[in-house]
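Hi everyone, thanks for making the time today. I'd like to walk you through one model, so please have a look at it before I start talking.

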Amino acid sequence: MKILNYDAVVIGGGAAGLAAALELETEGFSCAIIEREDHLGGILMQCIHNGFGLHEFKEELTGPEFAERFIERVIKSKIAVYLNTTVTAINKNLTTEYTEFHGEGKVFEPITPGNCRCQSSKQLQLQSSVVFCISSSGVMKIECRAVLLAMGCRERNRGNIRIPGSRPAGVYTAGLAQRLVNIEGYIPGKEVVIIGSGDIGLIMARRMSWVGCNVKAVVEIMPYPAGLTRNIVQCLNDFNIPLYLSSQTTFIYGNDRVEGIEVTPLENGILVPQKSFRIDCDTVLLSVGLVPENELSRAAGVELNIVTNGPLVDSGLMTNIDGVFACGNVLHVHDLVDWVCEESRRAGRYAASYLRGERPSRQIFTKAGSHVRYVNPTQIAPERENIVYMRSMIVKQDAVIEMRLDGNLICSRKERLVQPSEMINFKLAEKDFKDCNIKPDSVLEFSIN
């Protein structure tokens with residue numbers, strides 16, 4: 001078994017993993033990226049449409065162009081990259097003493113008598129991790145002091161939403177159809193219906209129209225779209241594709257191949273079978289949500305949030321396991337890759353602080369209040385700037401987001417429009433807590449009114 005040593009290991013080579021690894025290297029720590037595919041960039045490499053990078057690069061890019069900006073920097077760096085390599089387990093070792101050598105770079109090396117070679121050094125008490133990987137060249141064991149989880153997410157499939165019917169050919173997730181069209185050059189069908197109005201489904205409605213398919217409808221169970229407003233306009237309205245809201249797909253017809261679907265409207269959340277109608281089609285694309293890829297996290301003992309299905313993290317994006325961090329879509333599903341990169345850079349910086357032995361002096365738990373589905377992270381550090389992400393449970397114009405510490409209003413912000421499809425981010429600085437009486441059991445609650 002090959003045994004390797006790094007300060008940190010980043011699991012996943014998509015946008016989150018690339019951004020976090022680059023930040024770690026900038027901070028002076030050795031880092032390795034483990035990626036199971038044969039390329040870096042993750043899902044971005046099949047997203048050939050534009051719309052990426054408006055926040056990150058102040059220009060509009062395609063997915064591959066966005067990824068290449070980061071990949072080029074990784075290639076020029078000292079970051080080790082292992083492709084076609086799958087992580088099978090993350091184990092924790094006993095707490096070990098390390099030395100940090102200033103002036104010669106930061107070296108991962110257990111302290112032993114006589115090995116402190118530099119005038120300025122300090123000892124750190126850190127838990128070490130062991131990451132086991134399998135690749136075509138065999139099994140690898142990587143010893144490190146920090147692990148960053150950046151595995152992204154996967155699509156929900158037909159089994160997750162339990163649509164009745166047989167199992168005919170022609171049912172795909174929207175992401176798989178995107179790969180077939182954009183990467184493999186294969187068109188999966190001609191008469192298409194999309195179930196769910198997630199962003200991937202909306203983008204595929206436009207993409208399938210461009211390649212000559214007839215996209216007959218998008219069917220959404222909720223009374224509002226699940227995707228970004230710009231995608232509703234550019235992918236549906238511009239192509240005159242009908243969007244059926246408050247409508248449930250109640251049957252898929254066909255034996256060998258999809259022949260159609262049954263759509264049943266909902267009124268006040270209740271199915272109205274007498275208003276059901278059929279849409280004939282030969283292809284069904286599912287865009288019914290994403291699930292953070294956390295089987296590896298769960299096996300390692302990471303506590304997961306029952307709302308987001310991602311890890312519970314503190315103000316430094318560290319999980320309940322010391323030295324294990326999470327960022328990007330494995331933590332919670334983002335609507336823009338720009339926010340993934342912003343969060344992942346912070347995860348890299350926080351991991352670097354951890355490797356230097358720095359810890360926040362105190363943390364406050366956060367709580368989702370009225371009309372808020374979740375808040376991430378679940379703790380914040382009042383002595384530094386924090387960026388909090390949340391999702392609304394309602395669609396509301398001229399909304400007010402309020403933050404209350406133990407019931408007392410400390411800060412608020414007006415929003416022209418809030419809706420579940422668009423993530424809200426909120427900056428909190430040290431000055432926001434200047435006159436607050438923070439107690440050990442204090443809770444910061446976020447609500448939308």
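**A walk through the model**

Let's begin with a single residue: Asp398 is exposed, at a relative accessible area of 61%. You'll find Asp398 in strand 27, residues 396–405. Its backbone deserves a look as well, since Asp398 has a positive phi of about 55° although it is not a glycine.

Further on there is another aspartate to look at. Asp406 sits in the loop between strand 27 and strand 28 (408–418). Asp406 also has a positive phi, about 50°, and is not a glycine either. Its relative accessible area is 35%, so Asp406 counts as partly exposed.

Before going on, a word on confidence. This is a predicted model, with a mean pLDDT of 90 for the protein and 92% of its residues at 70 or more. Please keep residues 96–124 in mind, where the pLDDT is below 50; beyond near neighbours in sequence, that stretch has 69 contacts in the model.

Now to helix packing, starting with helix 1, residues 15–26. Which residues of helix 1 meet helix 2? They are Leu18, Ala19 and Leu22, and on the helix 2 side the partners are Ala67, Phe70, Ile71, Arg73 and Val74. By class, this contact has seven nonpolar residues, one charged and no polar ones. Helix 2 spans residues 63–76, and the two axes are 10 Å apart at an angle of about 35°. The crossing of helix 1 and helix 2 is left-handed.

Helix 1 also packs against helix 8, residues 337–355, with the axes coming within 7 Å and crossing at roughly 35°. Here the crossing is right-handed. From helix 1, the contact uses Ala15, Ala16, Ala19, Ala20, Glu23 and Leu24, and the helix 8 residues include Val337, Ser344, Gly348 and Ala352. The residues of this contact divide into 11 nonpolar, two polar and three charged.

The next pair is helix 5 (199–210) and helix 6 (229–236). Their axes are 8 Å apart, and they pack at an angle of about 20°. That angle makes helix 5 roughly parallel to helix 6. Helix 5 passes helix 6 in a left-handed crossing. Asp199, Leu202, Ile203, Ala205 and Arg206 of helix 5 meet Asn231, Ile232, Gln234, Cys235 and Leu236 of helix 6. Those divide into six nonpolar, two polar and two charged residues.

Helix 5 comes up again with helix 4. In helix 4, residues 174–184, the buried residues include Ala174, Gly175, Leu180 and Val181. What covers the buried residues of helix 4? The cover includes helix 5, together with strand 11 (153–155), strand 12 (171–173) and strand 20 (283–286). Just after helix 4, Gly185 takes a positive phi of about 70°.

Two loop residues to finish. Met45 is in the loop between strand 3 (31–34) and strand 4 (50–52). Is Met45 buried or partly exposed? Its relative accessibility is 21%, and buried means under 20%, so Met45 counts as partly exposed. Leaving out residues up to four places away in sequence, Met45 touches His39, Leu40, Pro64, Ala67, Glu68 and Ile183. Ala67 is one of the helix 2 residues that helix 1 meets.

And lastly, a cis peptide bond joins Asn376 and Pro377, with omega about 0°. Pro377 lies in the loop between strand 24 (372–376) and strand 25 (379–380).

Notes:
Residues are numbered from 1 along each chain as its sequence is written. This is a predicted model: local features need pLDDT of at least 70, side-chain atom pairs count only at pLDDT 80 or more; totals for chains, interfaces and linings use all residues. Side-chain values use heavy atoms; hydrogens and water are left out. pLDDT is the predictor's confidence in each residue, from 0 to 100. Contact means heavy atoms within 4.5 Å. Buried means under 20% relative accessible area, exposed over 50%, partly exposed in between (1.4 Å probe, protein chains only). Helices (H or I, at least four residues) and strands (E, at least two) are DSSP runs, numbered from the N terminus. Axes are lines fitted to C-alpha atoms, for helices over the stretch in contact, and angles run from 0 to 180 degrees between N-to-C directions. Angles under 35 degrees count as roughly parallel, over 145 as roughly antiparallel, 65 to 115 as roughly perpendicular and the rest as oblique. A crossing is left-handed if the near helix is turned anticlockwise from the far one by less than a right angle, and right-handed if clockwise. Ala, Val, Leu, Ile, Met, Phe, Trp, Tyr, Cys and Pro count as nonpolar, Asp, Glu, Lys and Arg as charged, and the others, Gly among them, as polar.
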